[in-house]
Amino acid sequence: MWVRQYMALVMRLGAMIVIVILLGLARPEFLTMNNFINVLRQSSLIFLLASGLTVVVLSEGIDLSVGQVLALSACIMGWLLKSESMAVAILAGLVIGAACGLANGVLIAYLGLPAFVVTYGMMWITQGFALLFMKAEIIYGFPKAFRFFGATNLMGIPVPVIFMFILGGILYLMLNYTNFGRYVYNVGANYEAARFSGVPIRKIQIMAYTLCGFLAAFAGIFYISRINAVEAGIGDPLLLPCLAAITIGGTSLYGGEGGVGGTILGAIIMSLIINGMNLLSIDSYWHQFVIGAIVIISVWVDQFRTAKFQVA
Amino acid sequence: MERDKLRKVFKRIPAAAFALVFLLITCSFISKHFWTGENLSNLGLQGTVLVILALAQTMVILVEGIDLSSGPLVSFVGVVIAVLLHKNFSLPMVILCAVFLGTLCGSVNGVLIARLKMPPFVATFGNMGVFTGLALVITQGSSIPGFGEAFRYIASGYVWGFPFMVLILIFIILFTYVLLYHTTFGTYVFGIGGNQEAVHLIGVNDIFFKSAVYGVAGSYAGVAALIMTSRMNAAHPLVGFGLEFEAIASVIVGGCSWTLANGNPWGTLVGAATIVVLKNGLNVLGVPPPVQVAGVGAFLILAVIYDTIKKKY
């Protein structure tokens, strides 16, 4: 089974190399260091949000509320940054994110509600709260210390990129070398078998969703730090690219296959494509179309590769 | 024996029926304007588009699917309608094109899901982006305003004292009923939802019918687009955003169990009515629109909880 996993990654790596070559030939300015760093920075923002979602998806779940959870926690963080210390603000945001994730987890794991519906409803609920809290205002101008997260570079590398690799590494180790990680894969691969093997499924699911909410809030730190502002709607355009990064990265939506490495690659590939579209002066309105099409294509390709069919 | 009979009847009533009655009573107390002709007519207008999309969604959910793209599809078809109207296409032609385009796009969903066996969520989610993107590209982000009297009649005209829109709505409801309960197509829809493999083994082309369901759902979106664009007298590429949520919520609130594919259009109607009344009530209370949507979300979750509990007992 892990051969298949690596096969997916290899294919993605190949696709990425092909894209880089083609874009480099079409537009030489693509091959500048500056541009690469831009691409990496874009992908890191996407990955940070998609990281938690990857864990959830691996356990055969889904969390459609990640974008809005990021928005809600970021709004609260932003508001607190104006009056409290940075530590308090960040902590509050993370707690809010984790709480949202926990709510999802409890509804899904303990009440047995379908994940899709619950997180879909939760998405609108959190968005409502964010809009209610912000009252259509924008909070901007954060302390310099906070701006470290999104707007500074360490040794030429943007901080979010560094965190992308650190978080990616931690999650990789967690998913592959801890019990929790193994259980996540088990639940995703075969729910019934996991149940019979004594895997504490409900605990795993709750932990996965809470982690997802937590990481969504964590990603929010970098988002608002980068744009130095926050408003209620920042989460709206985020779900599609995140899901795209995950599916492009080869993680199966049925769970059990894939991993964070794939999501990193998926995020990078997506950023490359968007970057390429910009360099080729393609109308930015095409972005949504392209991302949507890519999601469909990558899932399609995966189904060819693994011959996974939806049984009636 | 008596208790079992009572139980059976009780199980058939969707949760939404109780909620609807409760909400209607509550709303009557909250505002003395609730039962005025003006407010009821408002409710009717809000409900029309929702019910049409919800009926489409019912059929899709009946075949174990979901359609996240119907909102953006309404935007997209609306934008195309606007373009065609400004190019002076005749009204019947525009109507035909709208329905046809809706069916076409719906069929794309259908092919991806039924033939290529993609998870419905992913396929329609991807298409959500595709349709939104197309609408944005055509309009370059802005809206297309100003249509003629004839087109606006669809949403604002009155026939024998009834808004024309409501007549269209009633027609669609009846059409759905006949389609689902009195045609072979309808039988297959329920069959595929219940046991797709069995339908296949009978020799029916289950893949074709499954995609056809999405196509029909798309045509409903086309009709909804006509009404929406006519009512607003403009087409905006993002107008449909979020419409599918309330449609899905209507279906689930209306008792169509998410996993058992045991829904029926009447439940959906009750569900849609509940949601419209809920939103209207919240509106009267001065709750801002996005929070109203959050309220619908919370209500949806409650409905699913009720559904789950009901299944266990």
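Does S281(A) count as buried or exposed, and how many C-beta neighbours does S281(A) have inside 10 Å? In this predicted model, S281(A) has 8 C-beta neighbours inside that distance and therefore counts as exposed, the cut-off for this class being 12 or fewer. The residue is located in the loop that joins α12 (260-279) to α13 (286-306) of chain A. Its phi is positive, near 60°, although S281(A) is not a glycine. Most residues other than glycine have a negative phi.

A second residue with a positive phi is found in chain B. K117(B), also not a glycine, has a phi of about 60°. K117(B) follows helix α5(B) and belongs to the loop between α5 and α6 of chain B. It has 16 C-beta neighbours inside 10 Å and so counts as partly exposed. The helix before this loop, α5 of chain B, covers residues 91-115. Its 25 residues, at 1.5 Å a residue, should span 36 Å, and the distance of 35 Å between its end C-alpha atoms agrees with this.

Chain A contains 13 helices and 4 strands. Its radius of gyration is 19 Å, close to the 20 Å that the globule rule gives for 312 residues, so chain A is as compact as a globular protein of that length. The C-alpha trace of chain A spans about 55 × 50 × 35 Å along its principal axes. Of the 312 residues in this chain, 55% are buried. Among contacts in chain A with a separation of 6 or more, 79% are between residues 24 or more positions apart.

Confidence was examined for chain A as well. The mean pLDDT of chain A is 88, and 96% of its residues reach 70 or more. Over residues 308-312 of chain A, pLDDT stays under 50. For this segment the model has 8 contacts beyond four places in sequence.

The largest nonpolar core comprises 207 residues. Those with the most contacts inside this core are L70(A) and C242(A), together with L53(B) and A224(B). Helix α10 of chain A, residues 201-227, gives the most to the core, with 17 residues. Leaving aside residues up to four places away in sequence, A224(B) touches V49(B), I52(B), L53(B) and V74(B). L53(B) is thus named both among the residues with the most contacts inside the core and among the residues that A224(B) touches.

The two chains are in contact through 41 residues of chain B and 38 residues of chain A. On the side of chain B that touches chain A, the elements giving two or more residues are α6 (120-139), α9 (184-202), α11 (243-253) and α13 (289-312) of chain B. The largest share of this side comes from α6(B), with 14 residues. By class, the side of chain B that touches chain A has 27 nonpolar residues, 12 polar residues and 2 charged residues.

S28(B) provides a further example of an exposed residue. This serine lies in helix α2 of chain B, residues 15-30. With 12 C-beta neighbours inside 10 Å, S28(B) counts as exposed, because the class takes in residues with 12 or fewer. S28(B) is 141 residues from L169(B) in sequence, and the C-alpha atoms of the two residues are 25 Å apart in space.

Notes. Residues numbered from 1 in each chain as written. Chains lettered and ligands numbered in written order. Predicted model: local features only at pLDDT ≥ 70, side-chain atom pairs only at ≥ 80, totals over all residues. Expected span 1.5 Å × (residues − 1). Contact = placed C-beta atoms within 7 Å. Nonpolar A, V, L, I, M, F, W, Y, C, P; charged D, E, K, R; others polar. pLDDT = per-residue confidence, 0-100. Core = buried A, V, L, I, M, F, W, Y, C linked by C-beta atoms within 7 Å. Buried ≥ 20, exposed ≤ 12 C-beta atoms within 10 Å, placed from the backbone. Rg over C-alpha atoms; globule rule 2.2 N^0.38 Å.
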